[in-house]
Amino acid sequence: MANLLITGGAGFIGSHTCLVLLERGHSLVVLDDFSNSHPVALERVASLVGLQGLNAVAPGHWRDPVQGRLSLHRGDIRNPQDLESVLAGIDAVLHFAGLKSVGESVHHPLRYWDVNVSGTRLLLEQMQQHGCRTLVFSSSASIYGTQERVPIPESAPIQPINPYGRTKATVEQLLADLVGSEPGWRVACLRYFNPVGAHASGLIGEDPSGVPNNLFPYISQVASGLRPCLSVYGDDWDTPDGTGVRDYIHVMDLAEGHVAAVEHLISGPDQLLQLNLGSGRGHSVLDLVHAFATVSGRPVPWQVAPRRPGDPAISVADAELAASRLGWRTRRTLEDMCRDGWAWQAANPRGYTDRVRAS
Ligand code: NAD
Ligand code: UFG
């Protein structure tokens, strides 16, 4: 069993991955500044795996009181002191902390380069100083931009079309340089396609702030009556029903992919892996609308709107390399994603906010 540092572990993908890592018996130290999350997500993770909750042991520092297998630190990856305080005795890092909105990155590129690139560089420096050279990095299919060949293999040209994607591509380049510069590094860059859904308990899930930019949380909020209607961005794409096609991946499948990756790195030789994490299957906007309406039993009104600038018609992963290198494939269907996402939305219509106000 390993001691793992999880940056951004209170966020959407991080919290689900923490759950699966704890179930596998690993011990976790989470570093998060809660700029897009709340500690309550990890309290719920702790209760789901049977830990006795999280106790405050110092300002901004919580720990499960009995087994000591989960500790949570409020801190910023851009602050070397915050990193130093959590890196002692760590075998590997799963690095989720970062900013992720494509639209915001266009308006605030400095913020994105600061957190996603400078923050990661500082983390790598501190890892090097602590002798920890095993890293799983949250990359993104956005590094591929618009591709002619679909499904997209990892060998496709890297040609991001927005600042967010460029920060992820830059970190991948930095990691390749680092792995080539000295022995001992074991790095996996995991290129996520479209993560959606929630843990089947409905206790943890995605909690977007403000108006969701992404399709799945927007549909969830329409189904629950928080928003009147979905705008479908274009029905004249070159796809079977004219709406955009994406490779949606259940967040629990994604979490299991991270566990496979970090355990593979820890037990394997020095290496650099660059792997797509997707299902290899495409679903259109209207496929998702219909599946969500069926599973939830709620209407999802929609209307056609103009295309969103920068959207590709189709984005689907070639998922074979991850299967052969990690022995991992997605297992859950589009219906599973909708059922579990709806369980979360129905039980937490305003995300963690109500629970936070009550606490
Ligand atoms: P999220 O916003 O829910 O989680 C990110 C976490 O990082 C949050 O808890 C946030 O508070 C924390 N954080 C942000 N800046 C920080 C900083 N400076 N120091 C410490 N903590 C900080 O996002 P997510 O959807 O869970 O995404 C996780 C990672 O995966 C991100 O790096 C994102 O770019 C990448 N990714 C996400 C998607 C997606 O569609 N969700 C797709 C591809 C890649
Ligand atoms: N869409 C709508 N209406 C909406 C929102 C989205 O029709 O209100 C459509 C889009 O046009 C697209 C599809 O739904 O065809 C999916 O859009 P999302 O915004 O949910 O996802 P994207 O594929 O645009 O991008 C997401 C993340 C990126 C990440 C990428 C690949 O937002 O950060 O997946 O991982 F890089």
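Start by selecting ligand 1: 28 residues surround it, and the closest are Asp-32, Asn-36, Ser-37, Lys-100 and Tyr-164. Keep in mind as you look around that this is a predicted model.

**Stop 1: ligand 1 and its contacts**

Zoom in on Asp-32 and show its side chain. One of its polar side-chain atoms lies 2.6 Å from an oxygen atom of ligand 1. Now switch on the backbone, because two further contacts are made there, within the 3.5 Å allowed for a polar contact. A polar backbone atom of Asp-33 is 3.2 Å from a nitrogen atom of ligand 1. At Ile-77, a polar backbone atom is 3.1 Å from a nitrogen atom of ligand 1. Try a surface view next: on its own, ligand 1 has 830 Å² of accessible area, and the protein covers 95% of it.

Then colour the shell around ligand 1 by secondary structure. Helix α1 (12–23), strand β7 (134–140) and helix α6 (163–181) each supply at least two of its residues. Which element gives the largest share of this shell? That is β7, with 3 residues. If you recolour by residue class, you will find 12 nonpolar, 10 polar and 6 charged residues around ligand 1.

**Stop 2: ligand 2**

Move on to ligand 2 and select the 22 residues around it; Ser-140, Phe-193, Ser-231, Arg-246 and Asp-311 come nearest. Begin with the backbone of Phe-193, where an N or O atom lies 2.4 Å from an oxygen atom of ligand 2. Next, show two side chains. An N or O atom in the side chain of Asp-311 is 2.5 Å from an oxygen atom of ligand 2. In the side chain of Arg-308, an N or O atom is 2.8 Å from an oxygen atom of the ligand. How much of ligand 2 does the protein bury? Taken alone, ligand 2 exposes 690 Å², and 88% of that is buried by the protein.

Highlight strand β10 (residues 230–233) here, as this strand gives the most to the shell around ligand 2, with 4 residues. By class, that shell has 11 nonpolar, 7 polar and 4 charged residues.

**Stop 3: an aromatic cluster**

Leave the ligands and show the aromatic side chains. The model has 5 aromatic pairs. Select Phe-216 and Phe-292, an edge-to-face pair with 5.5 Å from centre to centre and 75° between the planes. Phe-216 lies in helix α7 (residues 215–223) and Phe-292 in helix α9 (residues 285–296), so the pair ties together parts that are 76 residues apart in sequence.

Are these two rings buried or exposed? Phe-216 counts as buried at 5% relative accessibility, and Phe-292 is buried with a relative accessible area of 0%.

Add Trp-342 to the selection. Its ring centre is 6.0 Å from that of Phe-292 and the planes stand at 85°, so this pair is edge-to-face. Here Phe-292 in helix α9 meets Trp-342 in helix α11 (residues 334–347), linking distant parts of the chain, 50 residues apart. Trp-342 is buried, as is Phe-292. With all three residues on screen, you are looking at one aromatic cluster: Phe-216, Phe-292 and Trp-342.

**Stop 4: arginines over rings**

Finish with two arginines. Select Arg-307 and Trp-237: the arginine lies over the face of Trp-237, at 3.8 Å from the ring centre. Then go to Arg-227, which lies over the face of Tyr-218, at 5.9 Å from the ring centre.

Conventions
Residues are numbered from 1 along each chain as its sequence is written. Chains are lettered from A and ligands numbered from 1 in the order in which they are written. This is a predicted model: local features need pLDDT of at least 70, side-chain atom pairs count only at pLDDT 80 or more; totals for chains, interfaces and linings use all residues. Side-chain values use heavy atoms; hydrogens and water are left out. A residue is near a molecule or strand if one of its heavy atoms lies within 4 Å of it. A polar contact is a pair of N or O atoms within 3.5 Å; within protein, one must be able to donate a hydrogen and the other to accept it, and residues adjacent in sequence count only if both atoms are side-chain atoms. Accessible areas come from the Shrake-Rupley method with a 1.4 Å probe; for residues, only the protein chains shown count as cover. Ala, Val, Leu, Ile, Met, Phe, Trp, Tyr, Cys and Pro count as nonpolar, Asp, Glu, Lys and Arg as charged, and the others, Gly among them, as polar. Rings of Phe, Tyr and Trp (its six-membered ring) pair if their centres lie within 6.5 Å; planes under 30 degrees apart count as stacked, over 60 as edge-to-face and the rest as tilted. Buried means under 20% relative accessible area, exposed over 50%, partly exposed in between (1.4 Å probe, protein chains only). A charge sits over a ring if NZ of Lys or CZ of Arg is within 6 Å of the ring centre and within 35 degrees of the ring normal.
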